[in-house]
Amino acid sequence: MSALGGLAPYALLILVGFLPNEVWRMLGMAFGRGLDEDSEIIVFARAVTTAILTGVVGKITIFAPGALATVPVAVRIGAAALGVAAFLLIRRSVFAGVATATAAIVAGVLVFGG
Amino acid sequence: MSAPPVTDALALPRGSAFLGGLRAGATSVFMVVIVGSYVSIGALAHDLGFPLLWVVLSSLLIWAAPAQLILISALGAGAPPLEVALAVGLSGMRLLPMVVALMPLLKTPATRARELVVPAHFTAISMWIESLRLLPKVPRAARIPFANGIGTSLMSGAVAASVIGFELAQALPSLLVAALLFLSPMSFLISAVRNARVTADRVALVVGLVLAPLLAWRGVELDLMWTGLIGGGVAYAAHRFREALR
């Protein structure tokens, strides 16, 4: 990213980050009313965003960026699985799940090497 | 006709709904989640070579951690801008129904459209849940500043956390930075598991998790867009199938 330098990252921030995200908020304002939380289009929209979101998580776990790339891929996958398991086992606590996954990354590297 | 007395009204600090909103945001359980996610996002942005000012602006302008994670990781990996815009755009779809649900709580007959722009911009999952929970207890005329207070508070926490994450990524050893980078994807994954209320959500969660790395590995262009559309489509089909069985 630094290779681009100058104002290019800021132009990208507006064009491919801010605008495609903000348009939904402004459309929501214009829409006014008439959308039920359980209507079919909302079910579809939520499924699309969920798939994209976990898709990014999957990509980051497999093709890790930056410092995460120094952690072996098996440790990353194992840590993610442990995190979800901890969430399910420890009173469905998101905090317990995230803390376990993060600690498992550190423990995994210390035990199996980086 | 006088308005019915509000029995469970929230105690607002002397006449200031905005301050009341700031306080509600600062003490929200979401503050912890936001600080964790944004420390992670700040660290990732530093690791991939983005300037600090860029990171701060991305939180102020985008104000959606998933979109920011997509933007930073995809641009950082050198993805084509159009591909990034499509993925960010699809990830933002969920904001539309959230804003639609929030507006009737904020509006009075005297409300002008431009007064709603700021609370619409502040709409993100954290602010939205807190607003829906607390606004019914706030007098209608005070709701817009109250909602803006919640948004300002949570967004300030996010910006501060991203600056801290950015600085930590400079100072910490690589293994701890790796752990920081892992924090926000894991918090999204586990929150998605928790929020998967219906069949469609569960199917989308699993298909997305598996499909995106597969498409990226096969070198398919627009991998995240296809993940969203295919994952969302399969999930929606599963939802219809289940409804039909009832």
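## Chain B and its contact with chain A

Along its sequence, chain B runs α-α-α-α-α-α-α-α-α-α-α-α. That pattern holds 12 helices and 0 strands, where helices (H or I, at least four residues) and strands (E, at least two) are DSSP runs numbered from the N terminus.

This is a predicted model, in which local features need pLDDT of at least 70, side-chain atom pairs count only at pLDDT 80 or more, and totals for chains, interfaces and linings use all residues. Residues are numbered from 1 along each chain as its sequence is written, while chains are lettered from A and ligands numbered from 1 in the order in which they are written.

The C-alpha trace of chain B spans about 65 × 55 × 30 Å along its principal axes. Of its 246 residues, 53% count as buried. A residue is buried if 20 or more other C-beta atoms lie within 10 Å of its own, exposed if 12 or fewer, and partly exposed in between, with C-beta atoms placed from the backbone. Two residues are in contact if their C-beta atoms, placed from the backbone, lie within 7 Å. Among contacts in chain B between residues at least 6 apart in sequence, 77% join residues at least 24 apart.

Helix H8 of chain B covers residues 125-134, and its buried residues are Ser126(B), Met127(B), Trp128(B), Glu130(B), Ser131(B) and Leu134(B). Their cover includes five helices of chain B: H1 (17-26), H2 (30-47), H6 (95-106), H7 (117-122) and H9 (143-171). An α-helix has 3.6 residues a turn, so residues three or four places apart point the same way.

Between the two chains, 84 residues of chain B are in contact with 66 residues of chain A. On the chain B side, helix H10 (residues 174-195) gives the most, with 18 residues. By class, this side of chain B has 61 nonpolar, 19 polar and 4 charged residues. Here Ala, Val, Leu, Ile, Met, Phe, Trp, Tyr, Cys and Pro count as nonpolar, Asp, Glu, Lys and Arg as charged, and the others, Gly among them, as polar.

Two loop residues have a positive phi without being glycine.

| Residue | Phi | Loop | C-beta neighbours inside 10 Å |
|---|---|---|---|
| Arg91(A) | near 50 degrees | between H3 (73-89) and H4 (94-112) of chain A | 8 neighbours |
| Trp63(B) | about 50 degrees | between H3 (52-61) and H4 (65-76) of chain B | 25 neighbours |

Arg91(A) counts as exposed because it has 8 such neighbours, whereas Trp63(B), with 25, counts as buried.
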